[in-house]
Amino acid sequence: IMAINFGSGVGQVIQTVQNTSNLTSGVAAVAGSPVATGLTTQIYPKQTGSDFIITVAGFNLHNNASATNRGTKLFIYAQVNGSGSYSNVLNNKAVASHITVSWVDFPGEFTVYCPNSAVSYTAGQYINFEPFYQRGDNNSTNTNYFHHTGGSGNGIQCQTIIQEVAS
């Protein structure tokens, strides 16, 4: 994990935290409701009341219409100070995929703006951010993939970047 510190003032990036995970196997589940990926990135906010911009990139979504796995929904969840359950920072999906052809792996990347009202923390606490995923609309109960190694192989570098922004 790497942290970069910047300036202060409304709209200024206060710090950036980056985490890289080496995905050596698939991340998959029968996901009727949002499921954790296990790719957690932690940030210790420099001030209270900050907003956060979270980017996750470097995973390979997999959809297969022949197996009625036509789409995947992606979310960002947060947990404060390692206690309590994770909660969706948007109260909805961040992005979703949908295909009508057979067997496709494609690069995944998404960014979420998390306003300070979505995560309640106090000075000295940390926040864990984690991507979650769920099967898309009109999918069966077959396996859903946040990261698939079938066509793209293993050893993919998935990065999560969190920017704390003064609000």
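**Exercise 1.** Work out how strand 5 pairs with strand 11 in this predicted model, and find the partner of Q42.

*Solution.* Start with strand 5, residues 41–43: three bridges tie this strand to strand 11, and the two run antiparallel. Next, zoom in on Q42, whose bridge partner in strand 11 is N128.

**Exercise 2.** Find which other strands pair with strand 11, and in which direction they run.

*Solution.* Take strand 7 (72–80). Nine bridges link strand 7 to strand 11, again antiparallel. Look at Q79 here: its bridge partner in strand 11 is N128. Now try strand 4, residues 35–36, which is joined to strand 11 by two bridges, also antiparallel. In that pairing, V35 sits opposite Y133.

**Exercise 3.** Decide how covered strand 11 is, then list what I127 touches.

*Solution.* Take burial as under 20% relative accessible area. By that cut-off, eight of the nine residues in strand 11 are buried, so the strand is mostly covered. Then go to I127 and skip neighbours within four places in sequence: the contacts left are T41, Q42, I43, P45, F52, A78, Q79, V80, V119 and Y121.

**Exercise 4.** Place I127 in the largest nonpolar core and say which strands feed that core.

*Solution.* The core has 27 residues, and I127 is one of those touching the most other members, along with F52, F59, V119 and F129. Now go strand by strand: strands 2, 6, 7, 10, 11 and 13 each put in at least two residues. Strand 6 gives the largest share, with five.

Methods. Residues numbered from 1 in each chain as written. Predicted model: local features only at pLDDT ≥ 70, side-chain atom pairs only at ≥ 80, totals over all residues. Heavy atoms only, no water. Core = buried A, V, L, I, M, F, W, Y, C linked by side-chain atoms within 4.5 Å. Buried < 20%, exposed > 50% of the residue type's maximum accessible area, 1.4 Å probe, protein only. Helix = DSSP H or I, 4+ residues; strand = E, 2+ residues; numbered from the N terminus. Contact = heavy atoms within 4.5 Å. Pairing = 2+ DSSP bridges.
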